[in-house]
Amino acid sequence: MRAAFEQYEQALVRHDIEALNGFFLASGDAIRFGLADQQYGIDAIAAWRRTAAAVHPQRRLLRTVVTLCSDDVACVSAEFTDPDTPALGRQTQTWVRTAAGWKIAVAHVSVSQSAR
(Lines give C-alpha, C1' and ligand atoms only; values in the text may rest on other atoms or scores of the structure.)
Protein backbone atom coordinates (compact mmCIF):
# COMPACT_ATOMS: atom_id res chain seq x y z
CA MET A 1 0.00 0.00 0.00
CA ARG A 2 2.75 2.46 0.93
CA ALA A 3 4.46 1.82 -2.41
CA ALA A 4 1.26 2.75 -4.27
CA PHE A 5 1.01 5.99 -2.28
CA GLU A 6 4.67 6.83 -2.98
CA GLN A 7 4.13 6.20 -6.71
CA TYR A 8 1.11 8.51 -6.60
CA GLU A 9 3.19 11.21 -4.89
CA GLN A 10 5.93 10.89 -7.53
CA ALA A 11 3.35 11.24 -10.31
CA LEU A 12 1.92 14.30 -8.54
CA VAL A 13 5.30 16.05 -8.43
CA ARG A 14 5.98 15.08 -12.10
CA HIS A 15 2.48 16.33 -13.02
CA ASP A 16 1.89 13.05 -14.85
CA ILE A 17 -1.80 13.53 -15.54
CA GLU A 18 -2.40 10.11 -17.07
CA ALA A 19 -0.75 8.33 -14.15
CA LEU A 20 -2.60 10.48 -11.61
CA ASN A 21 -5.97 9.68 -13.16
CA GLY A 22 -4.99 6.01 -13.19
CA PHE A 23 -4.55 6.04 -9.42
CA PHE A 24 -8.23 6.88 -8.90
CA LEU A 25 -10.99 4.32 -8.83
CA ALA A 26 -12.56 4.18 -12.30
CA SER A 27 -16.03 4.83 -10.93
CA GLY A 28 -18.72 7.44 -10.75
CA ASP A 29 -18.40 7.06 -6.97
CA ALA A 30 -14.79 8.30 -6.79
CA ILE A 31 -14.53 11.66 -4.99
CA ARG A 32 -11.84 14.33 -4.81
CA PHE A 33 -12.13 17.45 -2.68
CA GLY A 34 -9.42 20.04 -3.35
CA LEU A 35 -8.52 23.42 -1.92
CA ALA A 36 -11.26 25.26 -3.81
CA ASP A 37 -12.81 22.55 -5.94
CA GLN A 38 -14.66 19.26 -5.77
CA GLN A 39 -15.11 16.44 -8.21
CA TYR A 40 -17.59 13.57 -8.09
CA GLY A 41 -16.74 10.63 -10.35
CA ILE A 42 -13.65 9.69 -12.31
CA ASP A 43 -14.77 11.68 -15.37
CA ALA A 44 -14.94 14.90 -13.34
CA ILE A 45 -11.62 14.12 -11.65
CA ALA A 46 -9.94 13.52 -15.02
CA ALA A 47 -11.44 16.71 -16.51
CA TRP A 48 -10.27 18.77 -13.53
CA ARG A 49 -6.80 17.23 -13.63
CA ARG A 50 -6.36 18.28 -17.30
CA THR A 51 -6.69 21.95 -16.31
CA ALA A 52 -5.14 21.86 -12.82
CA ALA A 53 -1.83 23.54 -12.16
CA ALA A 54 1.12 21.36 -11.23
CA VAL A 55 2.13 21.14 -7.60
CA HIS A 56 5.37 22.90 -6.72
CA PRO A 57 8.33 20.68 -7.70
CA GLN A 58 9.79 21.16 -4.22
CA ARG A 59 6.69 19.82 -2.48
CA ARG A 60 7.79 17.70 0.47
CA LEU A 61 5.93 15.26 2.66
CA LEU A 62 6.51 15.90 6.36
CA ARG A 63 4.55 13.05 7.88
CA THR A 64 2.65 10.17 6.33
CA VAL A 65 0.51 7.69 8.23
CA VAL A 66 -0.88 4.61 6.49
CA THR A 67 -3.69 2.91 8.36
CA LEU A 68 -4.72 -0.51 7.07
CA CYS A 69 -8.41 -0.93 7.81
CA SER A 70 -8.53 -4.40 6.22
CA ASP A 71 -6.64 -6.35 3.57
CA ASP A 72 -8.46 -4.32 0.92
CA VAL A 73 -8.97 -0.84 2.43
CA ALA A 74 -6.41 1.66 3.67
CA CYS A 75 -6.43 5.31 4.71
CA VAL A 76 -3.44 7.55 4.11
CA SER A 77 -3.00 10.84 5.92
CA ALA A 78 -0.09 13.08 4.96
CA GLU A 79 1.19 16.54 5.80
CA PHE A 80 3.06 18.44 3.11
CA THR A 81 4.81 21.72 2.49
CA ASP A 82 6.09 23.67 -0.47
CA PRO A 83 7.88 27.02 -0.94
CA ASP A 84 4.74 28.76 -2.29
CA THR A 85 2.46 27.93 0.63
CA PRO A 86 3.16 29.40 4.08
CA ALA A 87 0.64 27.05 5.72
CA LEU A 88 0.81 23.32 6.33
CA GLY A 89 -0.97 21.23 3.72
CA ARG A 90 -2.85 18.04 4.50
CA GLN A 91 -4.18 15.27 2.35
CA THR A 92 -6.25 12.25 3.23
CA GLN A 93 -7.01 9.39 0.89
CA THR A 94 -9.07 6.23 1.17
CA TRP A 95 -7.57 3.49 -0.99
CA VAL A 96 -9.23 0.24 -2.02
CA ARG A 97 -7.56 -2.84 -3.44
CA THR A 98 -9.01 -3.81 -6.84
CA ALA A 99 -8.10 -6.40 -9.45
CA ALA A 100 -6.00 -3.62 -11.03
CA GLY A 101 -4.20 -2.80 -7.77
CA TRP A 102 -4.67 -0.11 -5.12
CA LYS A 103 -6.92 2.79 -6.20
CA ILE A 104 -8.01 6.02 -4.50
CA ALA A 105 -11.74 6.04 -3.84
CA VAL A 106 -11.89 9.30 -1.86
CA ALA A 107 -9.33 12.10 -1.59
CA HIS A 108 -9.31 15.36 0.34
CA VAL A 109 -6.71 18.14 0.29
CA SER A 110 -6.65 21.14 2.62
CA VAL A 111 -4.30 23.81 3.92
CA SER A 112 -4.31 24.88 7.55
CA GLN A 113 -5.25 28.46 8.32
CA SER A 114 -2.12 29.08 10.39
CA ALA A 115 1.46 29.41 9.23
CA ARG A 116 3.82 26.45 9.51
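## Arg60 and strand S3

Beyond the residues within four places of it in sequence, Arg60 has contacts with Glu79, Phe80 and Thr81. Arg60 itself belongs to strand S3. The model described here is a predicted one. Arg60 is partly exposed, with a relative accessibility of 47%.

Ala44 is 16 residues from Arg60 in sequence, and the C-alpha atoms of Arg60 and Ala44 are 27 Å apart.

## The nonpolar core

The largest nonpolar core is made up of 19 residues. Met1, Tyr8, Phe24, Trp95 and Ile104 have the most contacts inside it. Two or more residues of this core come from each of helix H1 (2–14), helix H3 (42–51), strand S4 (73–82) and strand S6 (101–115). H1 supplies the largest share, five residues. In soluble globular proteins, nonpolar side chains tend to be buried together.

The contacts of Met1, leaving out neighbours within four places in sequence, are Val66, Leu68, Ala74, Val76, Trp95 and Trp102. Trp95 is thus a contact of Met1 and also one of the core residues with the most contacts.

## Tyr8 in helix H1

Tyr8 sits in helix H1. Its relative accessibility is 5%, so Tyr8 counts as buried. Setting aside residues up to four places away in sequence, Tyr8 touches Leu20, Phe23, Phe24, Arg49, Gln91, Gln93, Trp95 and Ile104. Among these, Phe24, Trp95 and Ile104 are also named with Tyr8 as having the most contacts inside the core.

Ala100 lies 92 residues from Tyr8 along the chain, with 15 Å between the two C-alpha atoms.

## Gln91 in strand S5

Gln91 is part of strand S5 (residues 85–98). Is Gln91 buried or exposed? Gln91 is buried, because its relative accessible area is 4% and the cut-off for buried is under 20%.

The side chain of Gln91 makes a polar contact of 2.3 Å with the side chain of Arg59. Without its neighbours within four places in sequence, the contacts of Gln91 are Phe5, Tyr8, Glu9, Arg59, Val76, Ser77, Ala78, Phe80, His108 and Val109.

## The largest pocket

The largest pocket has a volume of about 520 Å³. Its lining consists of 24 residues, and Arg32, Leu35, Trp48, Val55 and Val109 lie nearest the centre. H1, H3, S4, S5 and S6 each give two or more residues to this lining.

By residue type, the lining of the largest pocket comprises twelve nonpolar, six polar and six charged residues. Val109, named among those nearest the centre, is also in contact with Gln91.

## Val13 and His15

Val13 is located in helix H1. With a relative accessibility of 29%, Val13 is partly exposed. Val13 touches Val55, Pro57 and Arg59 when residues up to four places away in sequence are not counted. Val13 and Val55 are separated by 42 residues in sequence and by 6.1 Å from C-alpha to C-alpha. Val55 is also one of the pocket-lining residues nearest the pocket centre, and Arg59 is the residue whose side chain has the polar contact with Gln91.

His15 is in the loop between H1 and H2. What is the sign of phi at His15? The phi of His15 is positive, about 60 degrees, although His15 is not a glycine. Most residues other than glycine have a negative phi. His15 is partly exposed, at 26% relative accessibility.

## Two further loops

Ser27 is in the loop between helix H2 (17–22) and strand S1 (31–33). Ser27 has a relative accessible area of 18% and is therefore buried. A polar atom of the Ser27 side chain lies 2.9 Å from the backbone nitrogen of Asp29. Not counting residues up to four places away in sequence, Ser27 touches Gly41 and Ile42.

Asp72 is in the loop between strand S3 (60–68) and S4. Asp72 is partly exposed, at 39% relative accessibility. Outside its neighbours within four places in sequence, Asp72 is in contact with Trp95, Val96, Arg97 and Trp102. Both Trp95 and Trp102 are contacts of Met1 as well. The C-alpha atoms of Asp72 and Tyr8 are 18 Å apart, with their positions 64 residues apart along the chain.

Conventions. Residues numbered from 1 in each chain as written. Predicted model: local features only at pLDDT ≥ 70, side-chain atom pairs only at ≥ 80, totals over all residues. Heavy atoms only, no water. Helix = DSSP H or I, 4+ residues; strand = E, 2+ residues; numbered from the N terminus. Buried < 20%, exposed > 50% of the residue type's maximum accessible area, 1.4 Å probe, protein only. Polar contact = N/O pair within 3.5 Å; in protein donor to acceptor, adjacent residues only side chain to side chain. Contact = heavy atoms within 4.5 Å. Core = buried A, V, L, I, M, F, W, Y, C linked by side-chain atoms within 4.5 Å. 1 Å grid on protein atoms, 1.4 Å probe; cavity = no way out; pocket = protein on both sides within 12 Å on 5 of 7 lines; lining within 4 Å. Points joined across faces, edges and corners; volume = space filled by probe spheres on them. Nonpolar A, V, L, I, M, F, W, Y, C, P; charged D, E, K, R; others polar.
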